[in-house]
Amino acid sequence: MAPEFDTVAWFQIGTADAATAQRFYGELFGWGVRADPGSGAEYDLITYADSQIPSGGLAHIDDSDTPHAMFCVVVRDVAATSDRAVALGGKVLTPATSTADGLVFAHLLDGEGNRFMVFTPAPA
């Protein structure tokens, strides 16, 4: 079942040291991590201890990005949501970007500087 629009439907942890993050969250919460087959070596999928369905992701970042943990909201239109966020005092960190499979995402900041992501899933 697809998540409702305008709800938190994913989370992402960005780290330059994926092995350490995997060990930390795996030992703390029992989360499993496996490579995302669609992204090469840049992204892993996180599953909760009693699930095979991913609930989040581990982004492998470099020195040009900041380590982060953020919530991700599923929206109908990433570009329109980004524009609305700016009109409300937010900022766009990463403009609407499409992945190879058709998922569209943007990284935003709210008016207080909290990082979050909006996305539209890849077509089924």
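**Figure 1. Surroundings of Ser 82 in helix α2 of the predicted model.** Once its neighbours within four places in sequence are left aside, Ser 82 is in contact with Val 92, Ala 106, Leu 108 and Val 118. The residue belongs to helix α2, which covers residues 78–87. Because its relative accessibility is 5%, Ser 82 counts as buried, the cut-off for that class being under 20% relative accessible area.

**Figure 2. Gln 12 and its polar contact with His 68.** Gln 12 is placed in strand β1, a strand formed by residues 7–15. With a relative accessibility of 6%, Gln 12 counts as buried, and its side chain is joined to that of His 68 by a polar contact of 3.1 Å. When residues up to four places away in sequence are not counted, the residues that Gln 12 touches are Tyr 43, Gly 57, Ala 59, His 68, Ala 69, Met 70, Cys 72, His 107 and Met 117. His 68 therefore appears both in this list of touching residues and as the partner in the polar contact, where the distance criterion is a pair of N or O atoms within 3.5 Å.

**Figure 3. Backbone and contacts of Asp 6, in the segment before β1.** Although Asp 6 is not a glycine, its phi is positive, at about 65°. The residue is exposed, because its relative accessible area is 55% and the class begins over 50%. Beyond residues up to four places away in sequence, which are not counted, Asp 6 touches Val 73, Val 74, Val 75 and Arg 76. Asp 6 and Ala 106 are separated by 100 residues in sequence, and their C-alpha atoms are 14 Å apart in space; Ala 106 is also one of the residues in contact with Ser 82.

**Figure 4. Glu 4 and Val 74.** Glu 4, like Asp 6, lies in the segment before β1. At 59% relative accessibility, Glu 4 counts as exposed. In sequence, 70 residues separate Glu 4 from Val 74, whereas in space the distance between them is 7.4 Å, C-alpha to C-alpha. Val 74 is also among the residues touched by Asp 6.

**Figure 5. The whole chain, as context for the close-up views.** The chain contains 2 helices and 8 strands, and when it is read along the sequence these elements follow the pattern β-α-β-β-β-β-α-β-β-β. The C-alpha trace spans about 40 × 35 × 25 Å along its principal axes. A compact globule of 124 residues would have a radius of gyration near 14 Å, and the chain, with 15 Å, agrees with this. Buried residues account for 34% of the 124 residues. Of the contacts in the chain with a separation of 6 or more, 45% are between residues 24 or more positions apart.

**Figure 6. Surface and charges of the chain.** The accessible surface of the chain comes to about 7700 Å², and carbon and sulfur atoms contribute 57% of this area. The chain carries 6 positive and 16 negative charges, and the mean positions of these two sets are 5 Å apart.

Definitions and conventions:
Residues numbered from 1 in each chain as written. Predicted model: local features only at pLDDT ≥ 70, side-chain atom pairs only at ≥ 80, totals over all residues. Heavy atoms only, no water. Helix = DSSP H or I, 4+ residues; strand = E, 2+ residues; numbered from the N terminus. Rg over C-alpha atoms; globule rule 2.2 N^0.38 Å. Buried < 20%, exposed > 50% of the residue type's maximum accessible area, 1.4 Å probe, protein only. Contact = heavy atoms within 4.5 Å. Areas by Shrake-Rupley, 256 points an atom, 1.4 Å probe, with all protein chains shown as cover. Lys, Arg positive; Asp, Glu negative; His and termini not counted. Charge placed at Lys NZ, Arg CZ, Asp CG, Glu CD. Polar contact = N/O pair within 3.5 Å; in protein donor to acceptor, adjacent residues only side chain to side chain.
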